[in-house]
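Trainee: Hi! Could you walk me through this one while I have it open?
Mentor: Happy to. Pull it up and ask away.

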Amino acid sequence: MPTIKLEIVEAHNLMIADITSSDPYVEIQASNDKKILKTKVIKKNLNPVWNEEFIIDLENPKLDTLQFTVKDWDRFSKDDPLGKCKIVNFSNFMMGQTNDLWLNLQDSETDAKLHVVVTPIDFGKCLP
Ligand SMILES: [Ca+2]
């Protein structure tokens, strides 16, 4: 099965969802899987550093997307979205090569970015 290593490194310039800050975490979902992966919550930080690693199975790297949603954790109410971005497909990704990406967050009131590192571990026969 095609597999990638995903590192959620950090985010920059997230918008404020609470009074003075946000408590951000990232939800990760691959289009071929219902399962949603999550990073830890980092409290009161608009430039959070997670440095968390995930191993993700894809079905078809040419077609599968990876959706990232940054959210603000709230103790007493529903978590607020801080922005989202996605990797549209993995056609340009090479086996074993590290891809350092700064993705612009859509639906953010600030110029927010998410820093991720994607390394295809095994693309099988799907891609070179
Ligand atoms: Ca909060």
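Trainee: How many bridges join β1 to β4?
Mentor: Seven, and the two strands run antiparallel. T3, for instance, stands opposite D57 in β4. Keep in mind that this is a predicted model.

Trainee: Noted. And how many bridges join β1 to β8?
Mentor: Nine bridges there, again with an antiparallel run. Look for H12, which stands opposite K113 in β8.

Trainee: What's the strand order of the sheet with β4, β1, β8 and β7 in it?
Mentor: The order is β4-β1-β8-β7, an open sheet of four strands with antiparallel pairing. β4 and β7 (99-104) stand at the edges with a single partner strand each, so one side of each has no neighbour in the sheet. On average, neighbouring strands of this sheet are turned by 25° against each other, direction ignored.

Trainee: How many bridges hold β7 and β8 in their pairing?
Mentor: Six, in the antiparallel sense. One residue to click on is D100, whose bridge partner in β8 is V117.

Trainee: Let's switch to the sheet with β2 in it. What's the order there?
Mentor: That one reads β3-β2-β5-β6, also an open sheet of four strands with antiparallel pairing. Its edges are β3 (37-38) and β6; each has a single partner strand, so one side of each is left without a neighbour in the sheet.

Trainee: How many bridges between β2 and β3?
Mentor: Two, and the pairing is antiparallel. I28 has L37 as its bridge partner in β3.

Trainee: Now the inside. Which residues of the largest nonpolar core touch the most other members?
Mentor: L14, V26, F68, V70 and L114, out of 22 residues in that core. At least two core residues come from each of β1 (3-12), β2 (24-30), β4 (49-57), β5 (66-72), β6 (80-87) and β8 (113-122). The largest share is from β2, with four residues.

Trainee: What is F68 in contact with, beyond its sequence neighbours?
Mentor: Leaving out anything within four places in sequence, F68 is in contact with V26, I28, K84, C85, K86, L103 and L114.

Trainee: New topic: backbone angles. Which way does phi usually go?
Mentor: Most residues other than glycine have a negative phi. N51 goes the other way, with a positive phi of about 50° although it is not a glycine.

Trainee: Where is N51, and is N51 buried or exposed?
Mentor: N51 is in strand β4. It counts as exposed because it has 10 C-beta neighbours inside 10 Å, and the cut-off for exposed is 12 or fewer.

Trainee: And what about D107, what's the phi there?
Mentor: Near 60°, so another positive value in a residue other than glycine. D107 is found in the loop between β7 and β8. With 13 other C-beta atoms within 10 Å, D107 is partly exposed.

Trainee: Where does D122 sit, and which residues is D122 in contact with?
Mentor: D122 is found in strand β8. Leaving aside neighbours within four places in sequence, D122 is in contact with P2 and T3. D122 is partly exposed, with 14 other C-beta atoms within 10 Å.

Trainee: Last one: what does UniProt place at residues 1-103?
Mentor: The unreviewed UniProt entry gives "domain: C2" for residues 1-103. That span is 0% helix and 47% strand, and its end C-alpha atoms lie 26 Å apart.

Note on methods
Residues are numbered from 1 along each chain as its sequence is written. This is a predicted model: local features need pLDDT of at least 70, side-chain atom pairs count only at pLDDT 80 or more; totals for chains, interfaces and linings use all residues. A nonpolar core is a set of buried Ala, Val, Leu, Ile, Met, Phe, Trp, Tyr and Cys residues joined through C-beta atoms within 7 Å. A residue is buried if 20 or more other C-beta atoms lie within 10 Å of its own, exposed if 12 or fewer, and partly exposed in between; C-beta atoms are placed from the backbone. Two residues are in contact if their C-beta atoms, placed from the backbone, lie within 7 Å. Two strands pair if DSSP finds at least two bridges between them. UniProt positions are given in the numbering used here, feature names are shortened, and annotations may be inferred rather than shown by experiment. Axes are lines fitted to C-alpha atoms, for helices over the stretch in contact, and angles run from 0 to 180 degrees between N-to-C directions.
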